[in-house]
Amino acid sequence: MDIPEKEFLAPGHRACAGCGATIGVRLALKMLGENTVAVSATGCLEVITTPYPETSWKIPWIHVAFENAGAVASGVERALKAQGKDDVTVVAFAGDGGTADIGLQSLSGAMERGHNLIYICYDNEAYMNTGVQRSGATPYGASTTTSPHGKESFGENKPKKNIPMIMAAHGVPYVATASISYPEDFMKKVQKAKEIEGPAYIHLHQPCTTGWGYDPSKTIELGRLAVETGSWLLYEIEEGEFKITYRPLERKPVNVYLEAQKRFKHLADKEKEKIQNYVDQVCAELKI
Amino acid sequence: MIKVISANRAIAEAVKMCKPEVVPVFPITPQTTISEYLAQFVADGDLRAEYIMVESEHSSISAAVGASGTGVRTFTATSSQGLALMHEILFVAAGMRTPIVMGNANRALSAPLSIWNDQQDSISERDTGWMQFFAENAQEALDFVIQAYKISEDHEVLLPSMVCVDGYILTHTVEPVDIPSQEDVDKFLPPYEPISYLDPKDPMSLGTFTDPDYYMEARHDMEVAMEGAKDVIRRVNQEFEEVFGRKYNLVEKYKTEDAEIILIAMGSICGTIKTVIDRLREKGEKVGLLKVISYRPFPQEDIYEAVKGARRIAVLDKNISFGIGGVLFNEIKAKMDVDASGFILGLGGREVSPDDIISIVEKTKNPTTETNQINWIGLKEEE
C-alpha cells in the first residue's frame, strides 16, 4: 500500500508520549489530504492540538463543544455545498465519550440526515481528558475513577456499548471498525469512507497509555493484542454488507491482553473467564 | 408592498430577502411557523439555502456555528426551552464571533410548562454576548432582521443577533407590514464578507483552547465590540432610513420630552402603553414611554438622556430574577441615578390591559415604600 508521505498533523502537540489518538488522526489525514475540513469535539485531541496561539492542524479545523461534532460537521458540510465546494471532504473526530454518550444524539441526527461526511470516533474506552472516568464505551471489568474496583466492585459492570452497530442501524452507506495498530486496514477504510457519497462512520480503537496503564512504548502492541485476542474486531459494513477485514491466524487468550494493562489487573479469574466466554461467543458467531 | 401578515411571516420574508445560505432549524411553539415558511420558500425555489431540519435546538445552533465558521450567512430561530437548550452554544457562537442572526419568539420558561409569552427566555441569555433587539410589531420584526445582518456582519462588531418577538401577541397576530423590494434589500445589505473561515486554500484553526494568558483579552475584545456596536447600530439605522424611509434608534422616545412620568418597556407591550399615554395626555397627564429596542448592547446613555428630566420612572419587566426583581429595572437602577419603580407583569401569557398600565402610572406617581419594591401587576389575590 502506498502511504502518502505528506503530514497534516504537525508534531510538537501536547499529547502524552505513546498517545494512540494522534497516531490515528495522523494516518487518517494522510489519506484524506489537504482538501479536507476537520471538526473536533472537545476532548484530548482538541486540547492537545490547539493550545492558542499554536495549532497542529495543517488543514482547516473547527471545534465548538463536546456533544455536537455531528451537528457542527453538518453545518460545515452544507455551507461548503452552498459555496460550491463539493469536492472538500468533511471529517469529524470525537472520542468515545463525545460519541457514545454526550454526542450520540448529534451524531445520530447527522447520520440520519445523510450528510456527506466522515465521522471517526477515536475510542480509548473512557473519559481520558478529564482523568479516566467510565464512558458507555468502557469495557466490562475495566477499573476507572468512576467505576473503580474495590471490596464490593470488580470495576465496570456493563459491556461496551456497540456504537458501530447502532450506526449501521441508521442505514448509512459505510460503517467500519479499525485499530491504529493495523494502519493499512484503517487507511483503506478511510479511503473508502472518503470516496463514498453520504455519511461514513469509522470506530477507531486506540490504546491510551495513561488511562489503560501500560508503558508508552507499548501502544501499538496493546492495539494488536486487542485484535489478536478477539477483544476488538476489524470489520466493515458497506451498503449493508458485513465483512470481516482481518482474522487473527490463531486467536490468543484474552488474558494476554488483560494482564498487560493496569485497568484489568485487579480482575479475579471468574471475571476474566466471563470476558473470555463473551469474546468466544462473539468470535464463534463471526467465525473468527 | 403592504401585506397583512404575522411577525413570524415578516421574519421569514426578511430572511428570504437577506439570502442566508444555511438555515438549520428545529420546531418549537410559537416559533415553528418561521421554520415552516422558510421550508416552503426553499421548496418553492424562492430561497436558495441549505435548509437543515436538525434533531434539536442544540444542534441547530451548533450547525449554524459550523456553517457561519465556513463563511456563509446563516439564520436560525427558536423560543423558550429551545433557547435554553442552546445556552451553552450561544456563548460559543458569540465567542467565536460568528455573525449568526436568530429569530426568538419570546415565551415563558418551564416549570410550570407554558407556551405563552413573556421575555424570560432571551433575558436569561443576556450575558452570552449576543445582541438582542426587541420588536414592538411585525414591521419592526422584519426591519430588525434586515438590519441585524448588517450590524452583526460589520467587521467592527462580529457578534450574533437575536431579533425578539413576543410569542403569539406578535408571532401569531396579523397586521399590515410593508415588505420592501429585493432590490432595496440588496442595495442596503451587501453580501457577507467573512474574515476568518474554514477554507482548505488558507487553513486556520477556529475555536481553539486557551490558557489564562489569552482568555481575558478575548472577552475584553467582545466587550469592546458590544459597546462599539451602538455606533454601528446608529449608522445602520441611518442607512436603513435612507433606503426604506423608516427611522429607528437604539431606543424609541414616545412623548417623553415634557413627561413627568416615563414608562420604560420592551416589545409588544409598548403598543398598549402608547394607547394609554394618548388617553392620559387627553386628560392633561404628562406621561411618556421610552421603548428599549436594543437590549444588548445596552443603551444606557440614550435611556438616561430621555428620562433624566422626568419626575419618576416605571420600568416594566416581563421577566424576573428571583430575589431581586425585573432585570431591566435592576439594570437601569444600576446604571443611572433615577427615581424608579419596578413592575413585574405578563408572565406566562398573563394579559396586560390598558387598566394595568394606568395602575402602573398611578403607583409611579404616588410611590409608597411598598411600590418602590417589586410590584406584581395582574397577580390574582390569594383567597
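**A walk through chains A and B**

Hi everyone, let's begin in the middle of chain B, where β5(B) and strand β7 (residues 161–166) pair in the parallel sense over six bridges. Strands here are DSSP runs of E with at least two residues, helices are runs of H or I with at least four, and both are numbered from the N terminus. Two strands count as paired if DSSP finds at least two bridges between them. Before I go on, this is a predicted model, in which local features need pLDDT of at least 70 and side-chain atom pairs count only at pLDDT 80 or more, while totals for chains, interfaces and linings use all residues. Residues are numbered from 1 along each chain as its sequence is written, and chains are lettered from A and ligands numbered from 1 in the order in which they are written.

Back to β5(B). In that pairing, B:Met102 stands opposite B:Met162 in β7(B). β5(B) also has a partner in strand β4 (residues 75–78) of chain B, again parallel, over four bridges. There, B:Thr78 stands opposite B:Asn104. Take β4(B), helix α4 (residues 80–95) of chain B and β5(B) together, and you have a right-handed β-α-β unit. Right-handed means that, with the strands pointing away from the viewer, the path from the first strand over the helix to the second runs clockwise.

How many residues of β5(B), which covers residues 101–106, are buried? Six of its six. Buried means that 20 or more other C-beta atoms lie within 10 Å of the residue's own; with 12 or fewer it is exposed, in between it is partly exposed, and the C-beta atoms are placed from the backbone. B:Val101, B:Gly103 and B:Ala105 point one way from the strand, whereas B:Met102, B:Asn104 and B:Asn106 point the other way, and all are buried.

Let's zoom out to the whole of chain B. It has 12 helices and 16 strands. Its radius of gyration is 21 Å, close to the 21 Å that the globule rule gives for 383 residues, so chain B is as compact as a globular protein of that length. That radius is taken over C-alpha atoms, and the rule is 2.2 Å times the number of residues to the power 0.38. Along the principal axes, the C-alpha atoms fill a box of roughly 65 × 50 × 45 Å. Buried residues make up 55% of the 383. Of the contacts in chain B between residues at least 6 apart in sequence, 79% join residues at least 24 apart. A contact means that two C-beta atoms, placed from the backbone, lie within 7 Å.

Near the start of chain B, have a look at helix α1 (residues 7–18). At 1.5 Å a residue, its 12 residues should span 16 Å, and its end C-alpha atoms are 16 Å apart, which agrees. The expected span is 1.5 Å times one less than the number of residues. Here, too, the cover is thorough on paper: 12 of its 12 residues are buried, including B:Arg9, B:Glu13 and B:Lys16. After the helix comes B:Lys19, with a positive phi near 55°.

Now, where do the two chains meet? The contact takes 39 residues from chain A and 36 residues from chain B. On the chain A side, the elements giving two or more residues are β1 (36–40), α2 (44–49), β2 (61–63), α3 (69–82) and α5 (104–113). The largest share, 11 residues, comes from α3(A). That side divides into 20 nonpolar, 13 polar and six charged residues. Nonpolar covers Ala, Val, Leu, Ile, Met, Phe, Trp, Tyr, Cys and Pro, charged covers Asp, Glu, Lys and Arg, and the others, Gly among them, are polar. Strands meet across the chains as well: two bridges join β2(A) to strand β9 (residues 205–206) of chain B, and the two run parallel. The bridge partner of A:Trp61 is B:Ser205.

Last stop, the backbone. Most residues other than glycine have a negative phi, and most peptide bonds are trans. A cis bond joins A:Tyr52 and A:Pro53, with omega about 10°, and A:Pro53 is in the loop between α2 and β2 of chain A. Chain B has a cis bond from B:Thr29 to B:Pro30, with omega near 0°. As for phi, A:Glu125 has a positive value near 70° and is buried, with 29 other C-beta atoms within 10 Å. A:Val132 has a positive phi of about 70° and is buried with 24 such atoms within 10 Å.
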